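Reader: I've got the coordinates open and a coffee in hand. Can we go through the thing piece by piece?

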Amino acid sequence: METLEQIKARIEKSVPLTKLDILPNECPLGERSLLVEAGRAFDVAKFLRDDAQLRLDYCSNVTGVDWPETVIKTKVKKKVVVEGVEKEVEETIETLRSGHLEVVYHLYSMALKHGPIVLRLRTENRADKTHLPSLTPLWRGAEFQEREIFDLYGVIFDGHPDLRRILMWDEFVGFPMRKDYVAPDDFEYEPTPHDEVLVEAKKHYPVEVDAVAATTANNLNKESMNP
Amino acid sequence: MIEAGLKNELQKQGVYVTSLQELYNWGRANSVWPLTFGLACCAIEMMAASMARFDLARFGAEVFRPSPRQADLMIVAGTVTKKMAPLVVRLYNQMPEPKYVIAMGACAISGGPFKQGYNVLKGVDRYIPVDVAIPGCPPRPEALLHAIMTLQEKILNQKLTGPDRPRHLKAEVEGAYPVPVYGRHDLEPPNNPALWQPPAIKR
């Protein structure tokens with residue numbers, strides 16, 4: 001298969017007005033991906049499917065990713081002259097990365113036995129502009145997975161034939177897989193809570209949980225004293 | 001009631017004497033037909049229990065019925081999600097009396113590893129009465145066989161008359177259990193208070 005740079009160049013030549021980015025991936029596999037503008041995504045995907053050299057006829061996986069608004073801190077070394085002496089000072093620069101929702105498509109070719117090409121689509125923000133073009137008309141297998149992403153992340157796929165919730169019930173409000181989703185507070189007693197559940201348990205049963213923690217700590221102390 | 005000694009003596013002479021209650025319960029206990037109904041991985045163990053190696057047929061419970069109208073036993077085998085819970089209750093309501101429920105595995109009993117999640121019911125006993133609970137994740141087929149035997153024992157000891165007769169023989173008790181409806185975040189109501197109350201903690 002061609003390199004991602006070659007594919008990018010060919011797409012930009014064939015599909016008018018398209019700007020693509022190649023996104024790095026820091027995992028050991030280093031699988032890079034193509035970031036496609038939402039407006040041109042359908043045409044780009046159609047090109048990838050129909051191109052004779054690529055023929056990506058199989059969409060194996062569609063995933064949603066939530067990127068909330070975050071402050072990214074980068075450290076930069078700077079040379080500053082203090083009292084006539086040159087010193088190296090570290091400076092942190094804070095940049096605000098705006099939040100968005102991302103949809104990742106993994107494309108393979110069954111005919112030519114190659115892949116994957118990873119396609120990434122991003123919404124404008126996480127609140128009101130969460131529209132993306134649906135790729136279900138190109139790959140029928142994406143239908144349920146796009147519905148799932150709509151259900152759990154709230155991405156609205158324009159052109160999807162049947163966009164409804166699939167895992168949660170229709171009356172459900174909210175998108176549970178978003179990072180800022182707050183589940184209803186229906187905590188119930190657990191005899192041995194730990195981690196996040198322990199935090200919840202302390203909120204609901206303060207005295208009881210502390211007593212349990214104290215007795216277990218005592219027992220541990222006794223055990224360590226009498227080996 | 002006939003004395004146990006006399007009954008024994010008569011049996012030696014080739015006369016079998018019993019009560020209608022015993023006969024009736026004996027028949028019921030040995031033909032418990034479960035509903036074909038699996039929700040998650042526990043259902044695989046349930047299938048294994050019904051196959052030749054574990055052979056649920058030894059207990060007369062091999063006839064898995066595809067319709068609740070023909071079933072006596074509901075084996076809640078697996079995670080009951082909040083989306084599935086109203087359907088489980090509806091299926092239970094559609095079964096004819098007398099009917100029994102086995103909650104199979106950690107999820108059906110309490111929600112299991114998903115207990116503190118937003119989408120899983122914290123135990124099926126919130127909406128339907130559970131007769132036997134099998135712990136395990138998933139329980140082995142032997143555990144299901146043990147549950148069937150426990151249920152058989154329970155059926156054999158049921159009274160047909162008197163104040164402690166089972167619920168379905170009391171004419172004044174409502175037959176069907178209320179089916180919860182889907183709410184904005186949870187089922188409404190979140191449990192059936194007549195069946196289940198949140199656990200009280202000593203402070």
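Reader: Which residue stands opposite Val82(A) in strand 5 of chain A?
Author: Keep in mind that this is a predicted model. Strand 4 (residues 70–82) and strand 5 (residues 85–97) of chain A run antiparallel, paired over 13 bridges. Across from Val82(A), in strand 5 of chain A, you'll find Val85(A).

Reader: And which residue in that hairpin takes a positive phi?
Author: The hairpin of strand 4 and strand 5 of chain A leaves 2 residues between the strands. The one with a positive phi, near 50°, is Glu83(A).

Reader: Is strand 4 of chain A mostly packed away or largely in the open?
Author: Count the buried residues: of the 13 in strand 4 of chain A, the number is 0. A residue needs 20 or more other C-beta atoms within 10 Å to be buried. With none of its residues buried, strand 4 of chain A therefore lies largely in the open.

Reader: Moving along chain A, what is the bridge partner of His106(A) in strand 7?
Author: Strand 6 (residues 100–109) and strand 7 of chain A pair in the antiparallel sense over 7 bridges. They also make a hairpin with 4 residues between them, and Lys113(A) in the turn has a positive phi of about 55°. In strand 7, His106(A) is bridged to Val118(A).

Reader: Which residue of strand 7 of chain A is the bridge partner of Leu34(A)?
Author: Here the pairing is parallel: strand 2 (residues 33–36) and strand 7 (residues 114–122) of chain A are joined by 4 bridges. In general, strands of a sheet can pair either way, parallel or antiparallel, through backbone hydrogen bonds. The bridge partner of Leu34(A) is Leu119(A).

Reader: How many residues of chain A are in contact with chain B?
Author: On the chain B side there are 15 contacting residues. By class, those are 6 nonpolar, 4 polar and 5 charged. Over on chain A, the count is 17.

Reader: What order do the elements of chain B run in?
Author: Chain B has 6 helices and 5 strands. Its C-alpha trace spans about 70 × 45 × 40 Å along the principal axes. From the N terminus on, the order is α-α-α-β-α-β-α-β-α-β-β.

Reader: Which strands of chain B stand at the edges of the open sheet?
Author: The sheet has 3 strands in the order 1-2-3, with parallel pairing. Two of them have a single partner strand each, so one side of each is left without a neighbour in the sheet. The twist averages 15° from one strand to the next. Those edge strands are strand 1 (73–77) and strand 3 (132–134).

Reader: What is the bridge partner of Met104(B) in strand 3?
Author: Strand 2 (residues 100–104) and strand 3 of chain B run parallel, joined by 3 bridges. Met104(B) has as its bridge partner Ile134(B).

Reader: At what angle does helix 3 of chain B run to strand 1?
Author: Helix 3 (residues 42–50) of chain B lies across both strand 1 and strand 2. Relative to strand 1 of chain B, its angle is about 130°.

Reader: Does Ala85(B) count as buried or exposed?
Author: Ala85(B) lies in helix 4 (residues 85–94) of chain B, and touches Val80(B), Leu121(B), Tyr127(B), Pro180(B) and Leu187(B), leaving aside residues up to four places away in sequence. The cut-off for burial is 20 or more other C-beta atoms within 10 Å. Ala85(B) has 20 such neighbours, so it counts as buried.

Notes
Residues numbered from 1 in each chain as written. Chains lettered and ligands numbered in written order. Predicted model: local features only at pLDDT ≥ 70, side-chain atom pairs only at ≥ 80, totals over all residues. Pairing = 2+ DSSP bridges. Contact = placed C-beta atoms within 7 Å. Nonpolar A, V, L, I, M, F, W, Y, C, P; charged D, E, K, R; others polar. Buried ≥ 20, exposed ≤ 12 C-beta atoms within 10 Å, placed from the backbone. Axes fitted to C-alpha atoms, helices over the stretch in contact; angles between N-to-C directions.
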